[in-house]
Amino acid sequence: MKIGSGLFSIFCLIIIIPSILLIYSMNYDTTGNIGIWLTILVAIIDIVAIVMWIWIYKRILIPLDKLQIATKKIADGDLDYKLDEKDFSEIPFLYTDFERMRIKLKEDEEEKRLSEDSTREMVSNISHDLKTPLTAIRGYVEGILDGVAASPQKVHEYLNTIYNKTNDMTTLIDELLYYSQVAEKGVSYNFEKINVKNFFDEYVKDLCSELETIKIKLVYIVNVGSYTMIDIDREQIKRALNNIIANAVKYMDKANPEIHFRIRERVDAIDIEISDNGRGIEEKDLPHIFERFYRSDVSRNSKPGGSGIGLSIVKKVIENHEGSIVAMSKPGIGTDICIELKK
């Protein structure tokens, strides 16, 4: 060790200097008084030097040896190897810096592992979501070619199904491209000051007409000032809201379906709450619904399906507005999605 070698040299120098003085006194001092005092001084210096060396060895060199071992462990990939803080009482900054480095490396490694797992899951999900309609399309095309669809009406039905399946694939691909842009902030945001009440009144008016056609009741409650303004991108917020509504519609299972849309003003924020009385979300799935490509077993096996990207897009859009979003749900009762947008 370079530090150890340097300290050893200093120690030797401390021993040698008084020894030289002692030799000098023995050769040139005839009275003996100076020689006695020099001998005592040399003895004291040597004792101090030995004590210092023992202290340096225990408090500095041994911890440095342990630090060297720890760095080798880290280099070998053992990021759980920890040092004892008590061993570094004299050089605490080394322990602090090492521990900070170890934790950061461990976090990076964990993030990398999660990213790899997420990527594998993403590839698996995309493969599944593309393979299903492709298999159906191939089956219907083979039916037409083999003459299974003998009548013009049957051929029309097959072609209509093929058309719908290709639309589903196009939608999935569009969502994938859009998510990648949103995640990397590749989407250009056009922020502008808008009147909150006017914006949501207009949005809900169009939404109400759409939900009426599928027999879903919309309850709209707005509690904001007539002149309250907020800085948002209209189209991106509309897209996020549409994804939430589409998700609520997709998993609606009640005889009298309802969606409640509430807007509330606080001192420094606007709260948006979208509630439904659909099937709800299981407790184990709730923490993951905003993760990309996540779908519960129920939704994955259900007829409506879905890409699993919609809510992750919502989260990214809201985060890019420096807002926050949370979900609450009870299976069989419904789901609440709460959004907070800062003024």
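This report walks through the helix packing, an aromatic cluster and a few loop residues of one predicted protein model.

**How to read the model**

The structure is predicted, so local features need pLDDT of at least 70 and side-chain atom pairs count only at pLDDT 80 or more, while totals for chains, interfaces and linings use all residues. Residues are numbered from 1 along each chain as its sequence is written, and side-chain values use heavy atoms, with hydrogens and water left out.

**The overall picture**

The secondary structure comes to eight helices and seven strands. These elements are DSSP runs numbered from the N terminus: helices are H or I with at least four residues, and strands are E with at least two. Of the 343 residues in the protein, 35% are buried. Here buried means under 20% relative accessible area, exposed means over 50%, and partly exposed lies in between (1.4 Å probe, protein chains only). Among contacts with a separation of 6 or more, 68% join residues 24 or more positions apart; a contact means heavy atoms within 4.5 Å.

**Helix α6 and its two partners**

Two packed helices are described by the angle between their axes and the distance between the axes. Axes are lines fitted to C-alpha atoms, for helices over the stretch in contact, and angles run from 0 to 180 degrees between N-to-C directions.

Let us start with helix α6 (residues 234–250) and helix α8 (residues 310–320), which pack at an angle of about 150° with their axes 9 Å apart. The two are therefore roughly antiparallel to each other, a label for angles over 145 degrees, where under 35 is roughly parallel, 65 to 115 roughly perpendicular and the rest oblique. Their crossing is left-handed: the near helix is turned anticlockwise from the far one by less than a right angle, whereas clockwise would be right-handed. On the α6 side, Q236, I237, A240, N243, I244 and N247 take part, and they meet G310, L311, I313, V314, V317 and I318 in α8. By class, this contact has eight nonpolar, four polar and no charged residues. In that scheme, Ala, Val, Leu, Ile, Met, Phe, Trp, Tyr, Cys and Pro count as nonpolar, Asp, Glu, Lys and Arg as charged, and the others, Gly among them, as polar.

Helix α8 is mostly covered, with eight of its eleven residues buried. Among them are L311, V314 and I318.

Helix α5 also packs against α6, at an angle of about 35° and with the axes 12 Å apart. This crossing is right-handed. From α5 come F199, F200, E202, Y203, L207 and L211, which meet R234, I237, K238, L241, N242, I245 and V249 in α6. The residues here divide into nine nonpolar, one polar and three charged.

**An aromatic cluster**

The structure holds six aromatic pairs. Rings of Phe, Tyr and Trp (its six-membered ring) pair if their centres lie within 6.5 Å; planes under 30 degrees apart count as stacked, over 60 as edge-to-face and the rest as tilted. The rings of F200 and F261 have centres 6.1 Å apart and planes at 50°, so this pair is tilted. It links distant parts of the chain, since F200 sits in helix α5 (residues 196–213) and F261 in strand β4 (residues 258–265), 61 residues apart. F200 is buried, at 3% relative accessible area, and F261 is buried too, at 0%. One aromatic cluster is formed by F199, F200, Y203, Y220 and F261.

**Residues in loops and at the end**

Here are four residues outside the helices and strands.

| Residue | Place | Relative accessible area |
|---|---|---|
| K215 | loop between α5 and β2 (217–223) | 67%, exposed |
| Y227 | loop between β2 and β3 (229–232) | 75%, exposed |
| E322 | loop between α8 and β6 (324–330) | 68%, exposed |
| K343 | segment after β7 (334–342) | 38%, partly exposed |

Most residues other than glycine have a negative phi. K215 has a positive phi near 60°, and E322 has a positive phi of about 60° although it is not a glycine.

The other two have neighbours from elsewhere in the sequence. Y227 and V196 are 31 residues apart in sequence and 7.8 Å apart in space, C-alpha to C-alpha. The C-alpha atoms of K343 and D231 are separated by 6.7 Å, with their positions 112 residues apart along the chain. Not counting residues up to four places away in sequence, K343 touches several residues, including T228, I230, E265 and D268.
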